[in-house]
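Please prepare a short report on the fold and on a few selected residues of the protein shown here.

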Amino acid sequence: MDIKTVIDLEKQRKRLKKSRKLWKILSYLVAFVVFGPMLALALIIIFRNFPKLDLGVESLFLLVTSILAIIGMRDKFYEWIFECKTERFVLRYKELYLKPYIESLGFSYKMGALFQEKEVRQSEIFDGFDRFRADDLVYASADGVNFMFCDIRLEKEIGTGIPFIFKNNYATFFEGPFFMANFNKKIHSDVFVFSDAAAPAGIDLPPSGLPRGLWSDRKIPIDNADFNANFSVYASDTVAVMYVLTPALMEKILSLKQLVKSDISLSFKQNKIYIAISRGADSFEPSLDQPILNARIAKDIKADLDAMLQIVKILKLNEKIWTS
């Protein structure tokens with residue numbers, strides 16, 4: 001990227017950063033215009049009944065509902081205006097900086113080329129989701145193995161407790177890179193590896209295809225204290241686990257978790273390996289708070305790509321886990 005483009009993008013980033021305060025003010029104004037009358041009505045009713053010390057359940061419910069509605073409208077409008085105002089900047093950043101940088105590392109990049117939702121479901125890493133979004137596809141081939149990953153966001157529909165308002169409200173329960181590699185042969189039996197810290201929070205759960213009562217029956221202890229302290233392994237075949245989770249691969253998985261500083265989950269199914277990194281953010285989205293040429297961001301992207309590449313190479317070298 002030439003210096004003129006860098007300077008231009010950096011100026012645009014700074015302008016957008018300064019504009020965020022105005023967007024927040026506009027969001028509050030819109031929220032009060034839409035739901036302010038409801039709040040005013042609730043306050044009038046409460047004020048009139050206050051001397052009687054009989055506020056009434058209905059008036060309190062109206063007050064709480066109006067406040068929640070204002071907060072919800074503010075957040076929704078701010079999210080909408082932020083995306084609209086930063087869309088052009090994000091597209092230029094990815095096309096002029098991110099794409100050339102990733103390709104200089106030996107990988108291919110497509111903006112807007114997405115994973116298919118069915119691949120994420122087939123991994124069985126997640127216990128269901130209602131809405132799916134994917135962005136920024138990175139792909140390559142190593143030792144004859146094709147692999148790819150992109151950022152995904154998974155959401156579940158939630159009830160707001162506000163009748164007829166934001167009926168289709170969603171909560172994000174996973175956001176981060178989702179990785180998949182295709183091998184030419186199949187694994188004897190499916191193997192699932194889940195970060196222990198993730199399962200209780202409901203982010204990454206044991207495979208949805210298994211009845212919950214069988215999870216404990218399918219849990220396989222691993223002869224590696226450090227790995228056991230960080231992960232739980234589920235499979236129906238103990239021998240398959242021993243073949244798949246070699247000492248070298250376990251060390252790479254532990255290193256990946258330490259590198260990304262996030263919970264990670266993996267599934268080995270037939271001729272594919274899936275890896276989900278619960279980062280809680282979009283890996284390739286530019287931040288308005290960070291300069292365009294940020295050495296830390298570039299270093300993190302390179303480290304992620306190298307870590308994925310190393311896992312592919314170890315699995316490729318360990319041919320004994322595969323069968324024809």
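The report covers the sheet, the helices that lie across it, two buried residues and a cavity. The model is a predicted one.

**The sheet**

Nine strands form an open sheet, with antiparallel pairing. Their order across the sheet is S1-S2-S3-S4-S10-S9-S6-S8-S7. The edges are taken by strand S1 (108-110) and strand S7 (219-220). Each of these two has a single partner strand, so one side of each is left without a neighbour in the sheet.

Within the sheet, strand S6 (residues 191-195) pairs with strand S9 (residues 263-269) in the antiparallel sense, over four bridges. Phe194 stands opposite Ser265 of S9.

**Helices across the sheet**

Two helices that lie across strands are set out below.

| Helix | Strands it lies across | Angle |
|---|---|---|
| H2 (residues 57-104) | S1 and S2 (131-142) | about 165 degrees to S1 |
| H7 (residues 247-260) | S6, S8, S9 and S10 (272-278) | about 145 degrees to S9 |

Helix H2 thus lies across S1, one of the strands at the edges of the sheet. Helix H7 lies across both S6 and S9, the two strands that pair over four bridges.

**Ser232**

Ser232 belongs to strand S8, which spans residues 231-235. Is this residue buried or exposed? Its relative accessibility is 6%, which is under the 20% cut-off, so Ser232 counts as buried. The side chain of Ser232 makes a polar contact of 3.3 Å with the side chain of Lys219. Lys219 also appears among the residues in contact with Ser232 when neighbours within four places in sequence are left aside. The others in that list are Phe192, Val193, Phe194 and Asp196. Among these contacts, Phe194 is the residue that stands opposite Ser265 in S9.

**Phe35**

Phe35 is part of helix H1, which covers residues 3-49. With a relative accessibility of 11%, Phe35 counts as buried. Which distances separate Phe35 and Ala69, in sequence and in space? They are 34 residues apart in sequence, and their C-alpha atoms are 6.8 Å apart.

**The cavity**

How many cavities of 30 Å³ or more does the structure hold? There is one. The largest cavity has a volume of about 40 Å³. Its lining consists of Tyr93, Pro286, Ser287, Gln290, Pro291, Ile292 and Ile297.

Methods:
Residues numbered from 1 in each chain as written. Predicted model: local features only at pLDDT ≥ 70, side-chain atom pairs only at ≥ 80, totals over all residues. Heavy atoms only, no water. Buried < 20%, exposed > 50% of the residue type's maximum accessible area, 1.4 Å probe, protein only. Polar contact = N/O pair within 3.5 Å; in protein donor to acceptor, adjacent residues only side chain to side chain. Contact = heavy atoms within 4.5 Å. Pairing = 2+ DSSP bridges. Axes fitted to C-alpha atoms, helices over the stretch in contact; angles between N-to-C directions. 1 Å grid on protein atoms, 1.4 Å probe; cavity = no way out; pocket = protein on both sides within 12 Å on 5 of 7 lines; lining within 4 Å. Points joined across faces, edges and corners; volume = space filled by probe spheres on them.
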